[in-house]
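Biologist: Could you take me through this structure slowly, one feature at a time, and show how each answer is reached?

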Amino acid sequence: MELTIFDIKGFALHDGPGIRTTVFCKGCPLRCLWCHNPEGLSPKRQLCVKEAACLHCGKCRVPCSHPDCQPWGRCLHICPAGCISVAGEKIEAEHLAEKLIADRDVFAMSGGGVTFSGGEPLLQWDVVQECALLLHDAGIHTAMETCGYASCEAFRRTVLAMDYVIMDIKLADPVLHKRYTGVYNGRILENFRFLQHCGKPYLIRTPLIPGITDTDENLTAIRELIGDSAWEQLPYNTLAGAKYPNFGMTYGMEET
Ligand code: SF4
Ligand code: SF4
């Protein structure tokens with residue numbers, strides 16, 4: 001089976017224990033206003049044009065004969081400023097696992113491994129699970145970063161295929177959750193209760209978004225929900241909106 005990803009980053013230090021390689025899966029069911037990965041939202045491949053660096057020379061608009069350029073109506077290979085690329089690549093689970101296993105020594109030395117992130121890895125849970133099991137067979141530690149919004153089956157089966165889970169709980173109030181992420185949090189909290197009792201090590205994360213998730217009321221309510229679970233609060237990424245114009249999209253926090 002094929003996984004659609006938009007990046008693979010080596011030497012990641014904040015996506016689980018040790019030195020890790022993080023695989024960014026494409027597609028997410030949420031639309032958090034503060035999301036810093038616009039290329040992770042759609043499950044489809046997308047044209048990326050770095051407008052800020054564009055020289056407006058028009059060369060990419062001259063028709064070319066490269067087969068890979070045809071779907072985009074722009075030449076991907078001629079830009080003198082390197083502004084054009086496509087976000088999203090399909091890769092066979094087996095091929096991906098082979099690539100990741102190549103760093104086995106780095107993982108072993110540092111107590112690290114591979115983390116599936118996104119986007120939302122559970123949107124492609126069957127392929128993620130397949131790849132995680134292949135890594136496991138090779139003795140590699142696996143982790144997943146998830147928003148937790150998935151069917152019970154997808155969540156449970158994928159969690160059980162991982163060694164470690166990092167799960168976001170962003171807002172305790174269901175109405176505010178819907179307002180700021182696009183979905184209610186009932187399914188997320190139900191999945192969290194499974195995680196809490198399934199025996200896998202896990203970490204809860206909350207991004208501190210000014211005036212939205214960082215209120216005393218929200219943080220107190222999250223602590224009540226998660227009990228004594230390990231909890232990390234992440235500072236707001238002030239550069240989060242920078243990539244949106246490259247995809248012809250508008251950053252949600254600019255509209256609040
Ligand atoms: S070729 Fe590059 S610099 Fe020229 S118009 Fe296209 S994106 Fe802009
Ligand atoms: S869950 Fe994560 S990837 Fe999905 S929209 Fe929210 S911040 Fe972005």
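Modeller: The turns that follow deal with a pair of helices, the backbone and the ligands, and the model they rest on is a predicted one.

Biologist: How are helix α4 and helix α6 oriented to each other?

Modeller: Two packed helices are described by the angle between their axes and the distance between the axes. For α4, residues 152–161, and α6, residues 186–197, the angle is about 25° and the axes are 10 Å apart. Angles under 35 degrees count as roughly parallel, and α4 and α6 are therefore roughly parallel to each other.

Biologist: Which residues of α6 make the contact with α4?

Modeller: The two helices meet in a crossing in which α4 passes α6 in a right-handed sense. By class, the residues of this contact are 5 nonpolar, 1 polar and 2 charged. On the side of α4 they are C152, F155, R156 and V159, and on the side of α6 they are E190, N191, F194 and L195.

Biologist: Is F11 buried or exposed?

Modeller: F11 belongs to strand β1, which covers residues 2–12, and its phi is near 55°, a positive value in a residue other than glycine. A residue counts as exposed if 12 or fewer other C-beta atoms lie within 10 Å of its own. F11 has 12 other C-beta atoms within 10 Å, and is therefore exposed.

Biologist: And H56, is that residue buried or exposed?

Modeller: H56 is placed in the loop between β3 (46–49) and β4 (84–87), and its phi is near 55°, again a positive value in a residue other than glycine. Because H56 has 7 other C-beta atoms within 10 Å, H56 is exposed.

Biologist: Is the peptide bond from G118 to G119 cis or trans?

Modeller: G119 sits in the loop between β6 (113–117) and α3 (125–137). The omega of the bond that joins G118 to G119 is near 15°, and this peptide bond is cis.

Biologist: How many residues around ligand 2 are charged?

Modeller: Around ligand 2 are C28, L30, R31, C32, C35, N37, G40, L41, G118, G119, E120 and C147. Divided by class, this shell has 6 nonpolar and 4 polar residues, and the charged ones number 2.

Biologist: Which residues come nearest to ligand 1?

Modeller: The shell around ligand 1 has, by class, 10 nonpolar, 2 polar and 1 charged residues. Of the 13 residues around this ligand, those that come nearest are C54, L55, C57, C60 and C79.

Notes
Residues numbered from 1 in each chain as written. Chains lettered and ligands numbered in written order. Predicted model: local features only at pLDDT ≥ 70, side-chain atom pairs only at ≥ 80, totals over all residues. Axes fitted to C-alpha atoms, helices over the stretch in contact; angles between N-to-C directions. Helix = DSSP H or I, 4+ residues; strand = E, 2+ residues; numbered from the N terminus. Parallel < 35°, antiparallel > 145°, perpendicular 65-115°, else oblique. Left-handed = near helix turned anticlockwise from the far one by under 90°. Contact = placed C-beta atoms within 7 Å. Nonpolar A, V, L, I, M, F, W, Y, C, P; charged D, E, K, R; others polar. Near = placed C-beta within 6 Å. Buried ≥ 20, exposed ≤ 12 C-beta atoms within 10 Å, placed from the backbone.
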